Amino acid sequence: MRILLITNMIYAFVLPVIEIFVGAYIMRNSNDPKIVALYQLTVYTGIPITFLLNGYLLNRVKVSNLYSFGMLLSGVSMLIMMSFKVLSLTGVGIAGILMGCSFGLFWSNRDFLALSTTQDENRNYYYGLETFFYTITAIIVPVIIGSYLFLSGRNGWFGGNISQAYKLITAGVFILTVLSSIVIHKGKFRNPTEKKFVFFKFDRLWYKMLGLAGLKGMAQGYIVTAPAILIMRLVGNEGSLGVIQSISGLITALVLYILGRVTFPRHRIYIFTAGYIIFLAGTLANGLLFSATGVIIFVLCKVLFQPLHDIAYFPIQMKVINVVSFKEKRNEFAYIFNHEFGLYVGRFFGLGLFIYLAYNVSETFALKYALIIIAVIQLLSIPVARHIITQSYAYDTKENSGNDDPDSGHPVAAGMEPGPDQHTEDRSNAGYA
């Protein structure tokens with residue numbers, strides 16, 4: 001688990017570049033929000049395809065090799081995009097598919113490794129610590145890169161060609177991906193023992209989890225593309241983008257620290273709920289004001305929403321996988337793979353809504369109201385998540401009634417944390433950072 005955390009800590013310096021400045025690069029060179037949205041859609045199309053390929057490759061290739069290749073491929077995708085003199089739909093699509101393949105290899109193997117190296121009792125800690133890394137890099141990286149791009153344009157570095165400045169950033173990304181790839185090979189990770197991972201019928205609890213994944217996916221495309229589009233349109237340049245993201249990240253780090261000190265695992269649903277309410281507030285501010293002030297409020301809310309959502313969502317997902325994989329006696333990767341399709345349905349709907357409104361109504365209308373529509377729909381996640389938490393712990397209670405031996409070998413019950421409505425004074429599992 002320590003090796004995995006160190007690897008992800010290094011790669012955490014890469015993710016803000018991919019999530020924030022690739023969209024800004026496309027926006028700068030095309031000035032067309034629809035191309036940014038289409039790029040993101042091709043990224044999300046490549047992810048489930050690679051999840052499927054990765055499942056078969058795990059039967060022959062070490063999981064650490066696949067994980068490292070996924071990280072390296074993100075740098076390759078950026079290099080290819082930066083090599084285009086003119087950004088065409090075809091070129092952006094190729095770069096998007098490659099980035100999707102990178103994410104597919106990265107996230108499928110990351111989720112499997114996280115699942116296999118943690119237990120339910122320490123997942124709050126693991127995801128909290130990992131989220132804390134990502135939050136810190138979300139403070140440092142955007143302000144450094146944003147300032148660098150701003151100064152590059154103002155001072156005429158690289159002959160006044162800011163695209164050349166982006167190429168230097170891409171080189172830095174590639175170096176970091178190589179370093180993280182080296183670190184992951186220091187761990188001794190095991191591939192899934194069960195080879196079959198494609199199934200079409202599942203337990204009812206898993207179908208509910210897929211519904212929650214679909215609701216989550218609706219916002220993911222906007223979380224990546226919207227800040228770059230809105231800031232480049234309404235606020236200014238990459239310097240503004242970096243400063244706003246960093247201020248938001250600082251606020252998030254403080255909130256995560258406080259939550260880590262005062263919350264218990266049973267508080268997951270409340271953290272989850274708070275995240276969605278904050279996201280809705282940000283979309284309303286953007287839609288109603290549709291100005292630089294509205295964009296700043298939205299980005300602040302978006303950056304705060306993301307870690308609040310993730311530190312609650314991922315432990316819920318992993319708990320359900322533990323339960324249903326034991327119940328159905330299947331490979332845990334089967335559920336990680338299937339979960340991605342639930343996310344993709346939501347992502348396709350969310351980005352498709354934006355593209356449809358931009359083409360058939362107006363870009364301004366799409367930028368104002370598509371986010372609000374998605375945020376309102378996502379409020380359905382709150383009762384769904386509460387129901388899933390209750391059912392997953394109810395299954396454990398039913399399966400293990402009369403079994404008080406913590407070393408019984410039950411893969412779900414061993415090391416269980418308290419249920420969502422149980423109380424405990426053990427804070428060792430409650431800290432997020």
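**Exercise 1. Find which helix gives the largest share of the lining of the second largest cavity.**

Start with the term: a cavity is a set of points on a 1 Å grid over the protein atoms alone where a 1.4 Å probe fits but cannot get out, and its lining residues have an atom within 4 Å of a point. Next, list the lining: Ala37, Tyr222, Thr225, Ala226, Ile229, Leu351, Phe354, Ala366, Leu367 and Leu371. The elements giving two or more residues are helix 8 (204-235), helix 12 (332-360) and helix 13 (363-378). Helices here are DSSP runs of H or I with at least four residues, numbered from the N terminus. Helix 8 takes the largest share, with 4 residues.

A word on the source: this is a predicted model, where local features need pLDDT of at least 70, side-chain atom pairs count only at pLDDT 80 or more, and totals for chains, interfaces and linings use all residues. Residues are numbered from 1 along each chain as its sequence is written, and side-chain values use heavy atoms, with hydrogens and water left out.

**Exercise 2. Sort the residues of that lining into nonpolar, polar and charged.**

Use these groups: Ala, Val, Leu, Ile, Met, Phe, Trp, Tyr, Cys and Pro are nonpolar, Asp, Glu, Lys and Arg are charged, and the others, Gly among them, are polar. Going through the lining, you get 9 nonpolar, 1 polar and no charged.

**Exercise 3. Work out which parts of the chain the salt bridge between Glu130 and Arg110 ties together.**

First, the rule: a salt bridge is a side-chain nitrogen of Lys or Arg within 4 Å of a carboxyl oxygen of Asp or Glu. For Glu130 and Arg110, the closest N and O atoms are 2.1 Å apart. Then place them: Glu130 sits in helix 6 (residues 123-155) and Arg110 in helix 5 (residues 89-117), so the pair ties together parts 20 residues apart in sequence. Finally, look at the wider picture: Arg110, Asp111 and Glu130 are linked in a network of salt bridges.

**Exercise 4. Lys327 and Asp203 form a salt bridge; decide whether each is buried, partly exposed or exposed.**

Set the cut-offs: buried means under 20% relative accessible area, exposed over 50%, and partly exposed in between (1.4 Å probe, protein chains only). Lys327 has 41%, so Lys327 is partly exposed. Asp203 has 17%, so Asp203 counts as buried. Their closest N and O atoms are 2.8 Å apart.

Technical notes: 1 Å grid on protein atoms, 1.4 Å probe; cavity = no way out; pocket = protein on both sides within 12 Å on 5 of 7 lines; lining within 4 Å.
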